[in-house]
Amino acid sequence: MDLSTLTRIIPARQRSDLDALGPTVVPLAGGSELFADPRAHLTGLVDLQAFGWPALTFPSDGLVIAATCTLAELSRLPRQAGWAAHPLFYQCCTALFGSFKVWNVATVGGNLATSLPAGPMITLAVALDAELLVWRGDGSDEIVPAGEFVTGNMTNVLGPTDVLRSVRVPLTSLQATTAYRKIALSPLGRSGAVLAGRLDRAADGADGRFVLTVTAATLRPVQLRYPRVPAANELARDIAAIDCWFTDAHGAADWRRAMGLLLGEEIRAELALVGS
Amino acid sequence: MTLEQAAAVATVTFDVNGARVEATPTPGQCLRTLLREHEHFEVKKGCDTGDCGACTVQVDGTPVHSCIYPAFRANGKHITTAAGLGQPGSLAPVQQRFVDAAGFQCGFCTPGMVVTAAAIEADAALTDPSELPRLLKGNLCRCTGYRSITDAIVDQHTPPEGSCHVAPTREHAEASTLGPVRATGRAGSGAVGTSPGALNGQRVVSGLEPYTLDVAIPGLLHLAVLGSPHAHARIRSLNAVKAAALPGVHRVLTHADSPSTLYSTARHESRFDDPDDTLVFDQTLRFRGQRVAAVVADSVAIAEAACRLIEVEYDLRGAVFDPRLALEPGAPLVHGDKDPVVSRLADPERNLVAELHGEYGSVEAGLAEASTVVSGRWQTQRISHTHLETHATIGWLDGNRLNGGRLNLRTSSQVPFLVQKEICRLFDLDPAGVRVFTARVGGGFGGKQELLTEDLVTLAVLKTNRPVQYEFTRTDELTIAPVRHPMTIDVTLGATADGRLTALQLGVLADTGAYGNHAPGVMFHGTSESVALYNAPNKKVDAQSVYTNNPPSGAFRGYGLGQIIFAVECALDELARELQLNPFELRRLNSVRPGNALVVTHEEGPDLVFGSYGLDQCLDLAEAALKRGNRVAAPAGAQWRVGTGMASSMIATTPPRGHRSQASVQLLPGGRYLVRVGTTEFGNGTTTVHAQIAATALGTTLDRIDLVHSDTDAAGYDSGAFGSAGVVVAGKAVLAAATALAETLVEAAASCSGTGGWQLEKDGLRGAATSLSLDELADWAAANDVDLTATRREDGALRSLAFNVHAFRVAVNTDTGEVRILQSIQAADAGFVMNPEQCRGQIEGGVAQALGTALFEEVVLDGAGAVTTRVLRNYHVPQLADLPVTEVYFAQSHDVLGPYGAKSMSESTYNPVAPALANAVRDAIGIRPTELPMSRDRIWRLLHG
């Protein structure tokens, strides 16, 4: 929709262009979220796409995803030898409520920064224990663990002058085996629960730690960590203890909790099978 | 910097369909509005949030939702719209397939659908048909149910018995005594009974068929509304000085400008059907979002900015949100200021808009005599029609009003003639000075049997002397446009051990919200055919429709029947279980048949007759199809439970107390026939059927027929496109007029030639020795001042009955609450089927909308009158992925009232679906769901809560 109160678009070509950010001037990436809601308080946008950041880069110790990488680009992430977690990238793209046409414009950073419970790039980044590079408004850089980035329903650690620059996925996570489950109130509807499990390889090649990430059903992402695949009752006890299930048009809290338990156990069983 | 100055930020250059465009978008403009500013009206606005796909375009070959694509990014790009894919006469293959497959009804979603389909087709990575549900989840169609869209995209024709159905074998043939199911698919001459494609199909698929706002009007002003932030308040003071001073503002409209005449937004043939409780602007605000003021300005942006500058002080009033509490003594009164006689309200001192209390026989005696009694309470939810085209009107004056300039309203309405009448009454205008018309209307489903934008536009036009446009946003549709009445319904049934009903008792409490539009009608109609369908010697109905401070409820497909049939048919299913009777058998035992009285609380009047009867066939067809199965297996796993269920419904083919239509057919020079008929095309397919009727009656082909409709200037009076009257009332008027013209032409040929014995044929008349082409006859008539026009009226005084039976086989996941439909069957008693493919589409679309109601959709309130589901991503309209292919069967019946023996078949298809599904779920899990929607969390809670 038209954001009719805007008076300027500032193309960001260098970091100092971000100085314009503030309570009424916000960063623009793909625009699919910004332009989907009336925002009468805004006067301007800083266009991050003008930076021309490469969408995906492949340093030897992992993968770096630019905040402006589109879901379409991410969904076509090339396979790399040993990256057992590769399917999770596409799976998380499919959890976006928006269509494949929205993938063409929606960005990884935009999804994270919007911080909706159902944001599937949050699931991806948290499940892979990614590190987020935040450009603080004061000019400093800060690395924020993905699990600490989102603090609640549409809230996160970014201040009004901060920008999410990139998402770095460590090689250990890329080499881990993952399992993914999503449920909604309709077959392809907006997510009611999205869970991802990750089974790391230890340095000696033996099974390592097990991490379960619960999103969409909870106000903020929740991670449960175990040194190895836990017993069913242990995992169930910990899922049941999660305290931030919530109710909205996409599912009641009690159902979401039950789906967390159900899908969490499915993931545990799937990864236990891989590990055995 | 002002908003106007902001417009000149940067110039962008791009091309659209190969033509270069230079533009200066405003900084926050989205690509869709920029394209529409350049008269690319093929790019539609359906949601404005990237959810519906109606605005899809390709940018450098990549499909995007243009409503969420910043316009400035179009710089240097190549844009392709539906019109760029192909145009009438040179359609792209995918467009042609949408025409051939009847892949649209209202057609508003179609340009975006076609652009998306073309992108899928062009990308080798996307052509796997199993991916279609995912690829099309961003394209919503509210009319078709997607089967025909799938057929168009993958180039197939799914037979009406469904994609998984095997060809009938000897065994199947023996199961039915009805002969073959009528063929669908494109066929034939265009005569009635064949399935020609939609009249304007080529224009629809290329986006060139104009809808309400698809027109460029010089000097057009825009209107925006300030809505009430309170559920119940009175305006103490309103200061619009700052708003009026904003550059670009032409006028601020408030209650000081409002006519003092009370009216109802609901429109019926008789204006006395609905309570007069509404003002254009009311100083008292009774629901959140109700108009406080409006601004008319050069642009929507300026009008909205000015709305934010209006300063209002409110005196808050007590509010009531629960219809039960609203009836209690001491409850806040929503319309306590109204005179019950003047406004036609049952009792405003109790918030009671309308009530019905009546008994036939003695339910007490009937229950005493019963061997089995079942009773229960059912609850239905608020539903948004979600026609893809929102409510909108453009109004203007022809010249100066003081010098006889006429008011023109181009509106998205199902009832242009009724709007004309009420606008004239409200503003004290002479009907001769007011033209109301529609372009093609982008869906309605009852939602456009309301006057929601025309009154405000009229006021704005009269105050400014300028053309003014008012367009609802999708959020307006979800928050202030009337929704389906939520109802609490109690049913008690008694029956003998052999299954004969002894008593049927119904209690209904409807929440009509803050205004009483359609409250009486929905209550009376809802309790009518739902109850009259069954022979029971004792019946009792207690129904009330109640004001609250919730957003208004209104007319919705089925008009109350959907809600009450849900309860009655579920109660019957429970009775069948108690009696250990097959539910089809229970219906056979108790359903009315020709000769039976039609009874609600008394015998229905002589206007309602069995003009034909196909319910028995529908029951047989649905039961046989269910028994036959379709080879779709339930998913593996002990958590999946399988069940079957069915439900029936009956509907009168015409609204009660008169529905009028006047049609004319004329032979024009050039040998073409012009049909003029007042009713509106909004996806119901009436234009195509009317052309078929005229062609058949005149013994010619569709290509000789032109049609103008839905225009108070260009056609005779018509009560409107509601109550499924498009075929049985307006169609009958067309048939009468065309039949009369055929006689006139024979007489004219005799006069022209001086000889007799003429016969009307496809291209002319054949006499004993010579022939006369239509062209020659028309020329002769013109030269001799003979008018070759026939005009006829139909008054809908007699009404027939149509029937639908739906059946499901489902699997329910007891772990998650998911309901998976394995088989969906609808058998319809449509009388003679005018256009089988189109009628099938109406059935599929009704089933689709009903499955949305049954499984997904709910306008959610917060308990204090505020809607929390304000955008489509939070209000789940069925996507392609959500719907099964429904097997469609037609009974062989022939109605004595309808044209060619046809009956209505639009809204009725919706009514039996939710109860049939609920009954199947009950069969599967052993627990009866009583609340809609049967969402996964609700079903899960039934099992685990």
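How many residues of chain B are in contact with chain A, and how many residues of chain A do they meet? That's where I'd like to start this morning, everyone. One thing before the answer: what you see above is a predicted model.

So, the count. On the chain B side there are 51 residues, and they are in contact with 38 residues of chain A. Where in chain B do they come from? Four elements of chain B each give at least two residues to the side that touches chain A: strand E4 (62–65), helix H6 (132–135), helix H11 (300–309) and helix H28 (936–944). Of that side, the largest share comes from H28(B), with 5 residues. For those of you who think in side chains, the residues on this side of chain B split into 20 nonpolar, 20 polar and 11 charged.

Let's stay with E4(B) for a moment. This strand belongs to an open sheet of 5 strands in chain B, and the order across the sheet is E2-E1-E5-E3-E4, with mixed pairing. At the edges sit strand E2 (19–23) and E4 of chain B, each pairing on one side only. On average, neighbouring strands here are turned by 35 degrees against each other, ignoring direction. The partner of E4(B) is strand E3 (residues 56–59) of chain B, and the two run antiparallel over 4 bridges. If you want a spot to find on screen, look for Val59(B), which stands opposite Thr62(B) in E4(B). Lying across E3 and E4 of chain B is helix H5 (residues 110–122), at about 40 degrees to E3(B).

Now, stepping back to the whole of chain B. The domain assignment gives five entries, among them domain 1 (1–158) and domain 5 (661–794). Domain 2 is assembled from separate stretches, 159–188 + 611–656 + 800–945, and domain 4 from 340–385 + 483–604. Between the centres of domain 4 and domain 5 of chain B there are 43 Å, taken over C-alpha atoms.

And finally, chain A. Its secondary structure comes to 9 helices and 14 strands. The radius of gyration of chain A is 19 Å, close to the 19 Å from the globule rule for 276 residues, so chain A is as compact as a globular protein of that length. Along the principal axes, its C-alpha atoms fill a box of roughly 60 × 45 × 35 Å. Of the 276 residues of chain A, 55% count as buried. Among contacts in chain A with a separation of 6 or more, 64% join residues 24 or more positions apart.

Thanks for listening, and I'm happy to take questions.

Technical notes. Residues are numbered from 1 along each chain as its sequence is written. Chains are lettered from A and ligands numbered from 1 in the order in which they are written. This is a predicted model: local features need pLDDT of at least 70, side-chain atom pairs count only at pLDDT 80 or more; totals for chains, interfaces and linings use all residues. Two residues are in contact if their C-beta atoms, placed from the backbone, lie within 7 Å. Ala, Val, Leu, Ile, Met, Phe, Trp, Tyr, Cys and Pro count as nonpolar, Asp, Glu, Lys and Arg as charged, and the others, Gly among them, as polar. The radius of gyration is taken over C-alpha atoms; the globule rule is 2.2 Å times the number of residues to the power 0.38. A residue is buried if 20 or more other C-beta atoms lie within 10 Å of its own, exposed if 12 or fewer, and partly exposed in between; C-beta atoms are placed from the backbone. Domain bounds come from an automatic or database domain assignment. Two strands pair if DSSP finds at least two bridges between them. Axes are lines fitted to C-alpha atoms, for helices over the stretch in contact, and angles run from 0 to 180 degrees between N-to-C directions.
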